[in-house]
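Let's take a walk through this protein together, starting from its overall layout and working inwards. Keep the view open beside you as we go.

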Amino acid sequence: MAAEALGQESARKSADSAVFDVSACEVMDLDEFLGLRKVMETIELLGLRSVLAGLRPGNVVYLASAGVSVGHLRTSLDLEHALLDLKVGGLTEDQSGTEAD
C-alpha cells in the first residue's frame with residue numbers, strides 16, 4: 001500500500017511531511033482523487049503532515065460538480081507555496097484554502 005510505504009520511508013529518513021503535487025495532471029477523475037485523498041488521510045494518521053498542491057481549476061470544478069470536497073486536507077496553490085507552508089509550520093485551515101465539511 002502506498003501510504004504504508006510512504007510512512008516507512010518517512011520514518012527511515014526522519015521526514016515529517018509529504019507534498020502531493022498534482023499540477024501536471026490535466027485531468028483527474030473521481031476515483032483518482034478519492035484514492036489520493038485516502039492516501040493523504042492515512043499518512044496523516046501515521047503522524048505526517050500532507051499538502052495537496054497544484055489542483056487545476058478544471059479539476060476543482062469537476063470535483064465540486066461531482067459533490068466531492070477536499071474536506072480537511074491541506075491544499076496549496078502550487079509546490080512552492082506548499083513547501084513554504086510546511087517550512088513555517090503550516091497555515092491555519094482558513095489561510096491554506098481548505099474547506100470544512
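In this predicted model, the secondary structure of the protein comes to 5 helices and 3 strands. Followed along the sequence, these elements give the pattern α-β-α-β-α-β-α-α. Of the 101 residues in the protein, 32% are buried. The contacts also reach far along the chain: among those between residues at least 6 apart in sequence, 76% join residues at least 24 apart.

A good place to begin is the sheet. Its 3 strands form an open sheet in the order β1-β2-β3, with parallel pairing. β1 and β3 stand at the edges with a single partner strand each, so one side of each is left without a neighbour in the sheet. On average, neighbouring strands are turned by 25 degrees against each other, direction ignored. If you look at β1 and β2, you will find them paired in the parallel sense over 5 bridges. Two of the partnerships are easy to pick out: A18 has S50 of β2 as its bridge partner, and D21 has A53, also in β2.

Which helices pack on this sheet? One of them is α2, which touches β1, β2 and β3 and whose direction makes about 155 degrees with that of β2. Another is α4, which also touches β1, β2 and β3; its direction makes about 165 degrees with that of β1.

Now follow the side chains along β1, because they alternate: A18 and F20 point to one face and are buried, while S17, V19 and D21 point to the other and are not.

F20 leads us to the largest nonpolar core, which has 15 residues. The residues with the most contacts inside this core are F20, F33, L36, M40 and L52. The elements that give two or more residues to the core are β1 and α2 (30–45), and α2 provides the largest share, 5 residues. For a closer look, try M40: leaving aside its neighbours within four places in sequence, M40 is in contact with F20, S50, V51, L52, L73 and R74.

Next, turn to α4, which spans residues 79–87. Which of its residues are buried? They are A82, D85 and L86. These residues cover an arc of only 95 degrees around the axis, which puts them on the same side of α4. An α-helix has 3.6 residues a turn, so residues three or four places apart point the same way. What covers the buried residues of α4 includes the strands β1 (17–21), β2 (49–53) and β3 (74–76). On the face turned away from the buried side, you will see the exposed residues E80 and K87. At the start of α4, a side-chain oxygen of D78 reaches to within 3.3 Å of the backbone nitrogen of E80.

Our last stop is S76, which lies in strand β3. Is S76 buried or exposed? Its relative accessibility is 10%, so S76 counts as buried, the cut-off for buried being under 20%. Leaving aside neighbours within four places in sequence, S76 is in contact with V51, L52, A53, G54, H81, A82 and D85. Among these contacts are A82 and D85, which we met as buried residues of α4.

Technical notes
Residues are numbered from 1 along each chain as its sequence is written. This is a predicted model: local features need pLDDT of at least 70, side-chain atom pairs count only at pLDDT 80 or more; totals for chains, interfaces and linings use all residues. Side-chain values use heavy atoms; hydrogens and water are left out. Buried means under 20% relative accessible area, exposed over 50%, partly exposed in between (1.4 Å probe, protein chains only). Helices (H or I, at least four residues) and strands (E, at least two) are DSSP runs, numbered from the N terminus. The arc is that of the directions from the helix axis to the C-beta atoms. Contact means heavy atoms within 4.5 Å. A polar contact is a pair of N or O atoms within 3.5 Å; within protein, one must be able to donate a hydrogen and the other to accept it, and residues adjacent in sequence count only if both atoms are side-chain atoms. A nonpolar core is a set of buried Ala, Val, Leu, Ile, Met, Phe, Trp, Tyr and Cys residues joined through side-chain atoms within 4.5 Å. Two strands pair if DSSP finds at least two bridges between them. Axes are lines fitted to C-alpha atoms, for helices over the stretch in contact, and angles run from 0 to 180 degrees between N-to-C directions.
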